[in-house]
Amino acid sequence: MLALAACDDSTGPGDRPLPGDLTLQLAPFVSTGLSSPVFLTQPLDDGRIFVVEQPGRIRILKDGVLQTTPFLDLASRVLSGGERGLLSVAFHPQYATNHFFYVYFTPRTNGDIMIERFTTTSNPDVADPASTKLIITAPHSSQSNHNGGLLTFGPDGMLYAALGDGGGTGDPLGNGQNFNSLLGGMLRLDVDNGDPYAIPANNPFVGQANHRGEVWAKGLRNPWRYAFDTNTGLLYIADVGQGEREEVNVVPAGSGGLNYGWNITEGTICYNTSTCDKTGFTDPVLDYDHDTGACSITGGYVYRGTAIEGLQGHYLYSDYCAGFLKSFRYSSGTVVDQKDWGLSAGNVTSFGQDIDGELYITAGNTISKIVKG
């Protein structure tokens, strides 16, 4: 394992147990006008929130009003449906000056995973679709599921992408433990150097035979959503399980070379066998079974807003099938303060975070804001 972080503090300033009287509710934020929103983000403090629609468009909410003209329309290029589509957007840390942003999608041509860069025009509300630059692609045409989907810049300024295992049941292609494959892993790219990127010299597998240098971590099945908590320097990865367990992994953001075990393990248990050798694997800090109607974890964020006093430092997550809203706090290497908020959020596809650290939920064709009850 390559450790770039000095330590795992795991508790941020002001992080405390939940107040006993705290309640949450889901306030309608966008009720009409969207088509299958799957991601929300706010790169600048300028009143604009960007929403990714799975069919291939990025929309703008300006001061709470959904704009008619899309920021970017890739619908003619995107293969959408099921787990495919336009799945996320990541704005460059210097977006205000270089106007670069990156998208993660499955193209109509073959359903592979594709990451491209685009540039905004002189009109900040409209991107130039002709400015496309291919960053990286991974073959994924044989199965339609397990595409991963999140693209984000880490606190180190590198571009991270988490890819599913290639689809099918039980990782039939063996990508989870194949270090020569980008699938079933998290990538870390330096898009400020090289063309179209450079492999960071401190990536864990650089120069190793039969290992892709872009790979930061392996052993993931379908890490649909993950999040960096810059207050604590931790990375939270919610990995969708097969038929038994859903999991959340929490590790120092600078810990490269970790293996999360799939398809040898599923959550904390052995997959498809009664015993297995877990040597060298990193276990999740939390996993849960499917007994209560759960089927697919939707990872969220550690709350870092100010509107909900007492929620700071607590990680919120949901499940596409169960529709609950739950949270926990990670402290000194242990999950504490687990909480079911007693809310039904529907088929939750994603969480979103605005520039103030307030959180949102996308479900169906709507977006809700998590507010104090």
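This passage walks through the nonpolar cores, one open sheet and some salt bridges of a predicted model. Local features need pLDDT of at least 70 and side-chain atom pairs count only at pLDDT 80 or more, while totals for chains, interfaces and linings use all residues. Residues are numbered from 1 along each chain as its sequence is written, and side-chain values use heavy atoms, with hydrogens and water left out.

The largest nonpolar core (buried Ala, Val, Leu, Ile, Met, Phe, Trp, Tyr and Cys residues joined through side-chain atoms within 4.5 Å) holds 95 residues. Here buried means under 20% relative accessible area, exposed over 50%, and partly exposed in between, with a 1.4 Å probe and protein chains only. Among the members that touch the most others are Phe-71, Met-186 and Phe-328. Apart from this core lies another, of eight residues, including Leu-34 and Tyr-360.

Turning to the sheet, four strands (DSSP runs of E, at least two residues, numbered from the N terminus) form an open, antiparallel arrangement in the order S24-S25-S26-S27. Strands pair if DSSP finds at least two bridges between them; S24 and S25 are joined by four. Strands S24 (297-302) and S27 (334-340) each have a single partner, so one side of each is left without a neighbour in the sheet.

A salt bridge (a side-chain nitrogen of Lys or Arg within 4 Å of a carboxyl oxygen of Asp or Glu) occurs 15 times in the whole structure. One of these joins Asp-15 and Arg-304 at 2.7 Å, N to O. Asp-15 lies in the loop between S1 and S2 and Arg-304 in the loop between S24 and S25, so the pair ties together parts 289 residues apart in sequence.
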